[in-house]
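Reader: I should like to learn how to read the features of a structural model. Could we proceed one feature at a time?

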Amino acid sequence: MADIDLEKRFDIHEIAKNKLAEIEKFVCNIYCCHSTGCKSSGSDDILELIKNIVSEHQLEDKVRVVATGCMGLCAQGPLIRVEVGGQKDVLFKRVNLDAVKDIMLKYVIPALKAQGTQKIPADLERYMLSLELPFFTKQEKVVLKNAGHMDPEDIAEYIARGGYLALEKALKTMTPAQVVDEIKRSGLRGRGGGGFSTGMKWELAAKVPTVDEKFIICNGDEGDPGAYMDRSILEGDPHAVIEGMMIAAYAIGATEGWFYVRAEYPLAVERLEKAIKACKKNRLLGNNIMGTDFCFNVDIRLGAGAFVCGEETALIHSIEGARGTPRPRPPYPTNKGLWEKPSCVNNVETLANVSKIMLKGADWFASFGTETSKGTKVFALTGQVEHSGLIEVPMGTTINEIVNEIGGGVPTGKHLKAVQTGGPSGGVIPKEYMNMPVCYEELKKVGSIMGSGGMIVIDDSSDMVSLAKFYLDFTVDESCGKCAPCRIGGRQMLALLDKINRGKGKKKDLELLKKIAFAMQKASLCGLGQTAPNPVLSTLKFYENEYITKLVDGNLKDEEN
Amino acid sequence: MADTSQAAQAATKWRKKRGSLIMALHEIQDVKGYVDWQDAVDLAKGMNIPLARIYEVLTFYNFFKLKAPGKAVISVCTGTACYLKGNDKVLEKFKSELGINEGESTKDGLFHLQCVRCVGCCGLAPVCVVNGKTYGRMTPENVPEILNEWREAFKED
């Protein structure tokens, strides 16, 4: 039953109109990056100082101070962006309290009077970061469109930027089957690393009849070391993920949604909680959403530091309050998932793409990317690279463009050796392959994977055997111990690597490594064990020499053995 | 009996909700800093879950601590970016300065040293976190400075 009164009280178009009118009144916007990275460098104090200066000078009706999600260039934080009417946007990097005071008193306040002619004082130039840098101009922001441009804790601002319009379109003008079809046609594939077609997953989930309950689960257990895409999305634009989940729920007929987020991400959890509360208050969650028959509720469950819980069946066990161990599939969660009920598990970034596809259409989304990998991908670009941070590029962008143009290359004095993608489940891509386009298939061809989006730049000072050991150390530690190939195989491989690293290894150990790796890939129960040997195999493939020089008999010919 | 009531409170809050054991454990640890045997016993009673089930969950997830950590918990990030930028040397410095290994606390109960997987501030690598405060671009030389900062802070208490 549609409740017409309540629908009238909460009209997203009305909210958008009011918020836009409110924003328009301000002549100056100051955006302060307020995500984990910049908060770590002191953005809380900076935000407070700016607010104090604004109120001291009684500028509250002219200057709007916005605490935003991640602006991307984390290595240069804290970042603030200033928009003063008539002037070009200015981005300031690595600001401290003194710098902020100067920026406010010597630039912002004079600029308010100068009407577009205020110059930046010379002593502030060292804090400026050009918005013309390839880091900004070469990116294509779809998922990260809002992050860094709005207050993630204000639902009205999300709505003013087109939020929940996609949900309205889906609920009021489309059937669930049409929604599934749209996502299927867009070519969206799972952004958690597997790359399974999202539309197809939804189709399978929709086909299973809803007897009493069906669940949609958002996988926010981003355990891959060196990756923080999902955290930044949840921190910078939590409503986009909620909206995506609601559209998914409508499409597959889910009755309840669950967010599973790492406990190590307190800020992301807090922002998500606030966003859910705002949705409930505004009747975007609950019964008869937007006056339709669609009823849906969500809840959050926290992880507790187990990497294996990123695997969907382990994640489901963890929500149920048990040890996070995987189980054999089939049955797939779409048939038997959480509490044995049909459940569809989607990654944070996947869900964040959904509302954009619904609004702009499958064809628009499919216009980005390659033949088989559509849309954009968010990467956490880290390691030995000048502009370390969060980036979003169309699929098919080459690694060279990402590392050398957007990332600004390796710091001077060092040389690029390789790029690692897919974290502990992925592999290395040597510099000879730098012109390779980034997409699911190409990465697989060289023995790596897309993964969730960690991209780590390695320079020539790094030793590949140690790097492989670093990753294997991680997976051995995180193995849940349920199946023998992963529990025992991982440990044996690690012992061999250790032996080689101590200069005690022999040629036959390399053969043994490959043998165990093969057994683990074929026989492990879940993705963790199946992919754990990848870092070793891929470094062996491209940098076998580094292994051989460490062997006791590395320089001997076979017959001398 | 403040500690027992903490587990009992968590049990009351989460008992009727589904999939809530881990949430109840988080709630106890958020307040106390750890979850010990007595908490597990109280929680088992309060939530009507077998103790064995609670203990297997408690010991499976490495986020949960079974013993009281030191007043200042030092988390050294061992994510890939921090590894590449030499956080192992920072960890060694912490170990030698404090005379403890990772996973241990100092005898005076002031410091607890632990390694954590990626804290997600890779742009600031190498990173350490002490009681929620993040220190970026670490070098072994910064270590004594940070320890002194916290020793001073505890003196004031």
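The dialogue below takes up confidence, the contact of two chains, backbone geometry and helix packing.

Reader: What should be established before any detail is read?
Author: This is a predicted model, in which local features need pLDDT of at least 70 and side-chain atom pairs count only at pLDDT 80 or more, whereas totals for chains, interfaces and linings use all residues. Residues are numbered from 1 along each chain as its sequence is written, and chains are lettered from A and ligands numbered from 1 in the order in which they are written.

Reader: What is the mean pLDDT of chain B?
Author: pLDDT is the predictor's confidence in each residue, from 0 to 100. Where pLDDT is low, predicted coordinates should not be read in detail. For chain B the mean is 91, and 97% of its residues reach 70 or more. The model has an ipTM of 0.92 and a pTM of 0.95.

Reader: How many residues does each chain give to the contact?
Author: Two residues are in contact if their C-beta atoms, placed from the backbone, lie within 7 Å. Chain A supplies 37 residues and chain B 29 residues. On the side of chain B that touches chain A, the elements giving two or more residues are α2 (21-32), α4 (51-60) and α5 (80-84) of chain B; helices are DSSP runs of H or I with at least four residues, strands are runs of E with at least two, and both are numbered from the N terminus. That side comprises 17 nonpolar, ten polar and two charged residues. Here Ala, Val, Leu, Ile, Met, Phe, Trp, Tyr, Cys and Pro count as nonpolar, Asp, Glu, Lys and Arg as charged, and the others, Gly among them, as polar.

Reader: Which peptide bond of chain A is cis?
Author: The bond from A:Gly77 to A:Pro78 is cis, with omega near -5°. A:Pro78 is in the loop between β2 (63-68) and β3 (80-84) of chain A. In chain B, a cis peptide bond joins B:Ala125 and B:Pro126, with omega about -10°.

Reader: Is B:Asn48 buried or exposed?
Author: A residue is buried with 20 or more other C-beta atoms within 10 Å of its own, exposed with 12 or fewer, and partly exposed in between, the C-beta atoms being placed from the backbone. B:Asn48 is exposed, because 9 other C-beta atoms lie within 10 Å. Its phi is near 60°, a positive value in a residue other than glycine.
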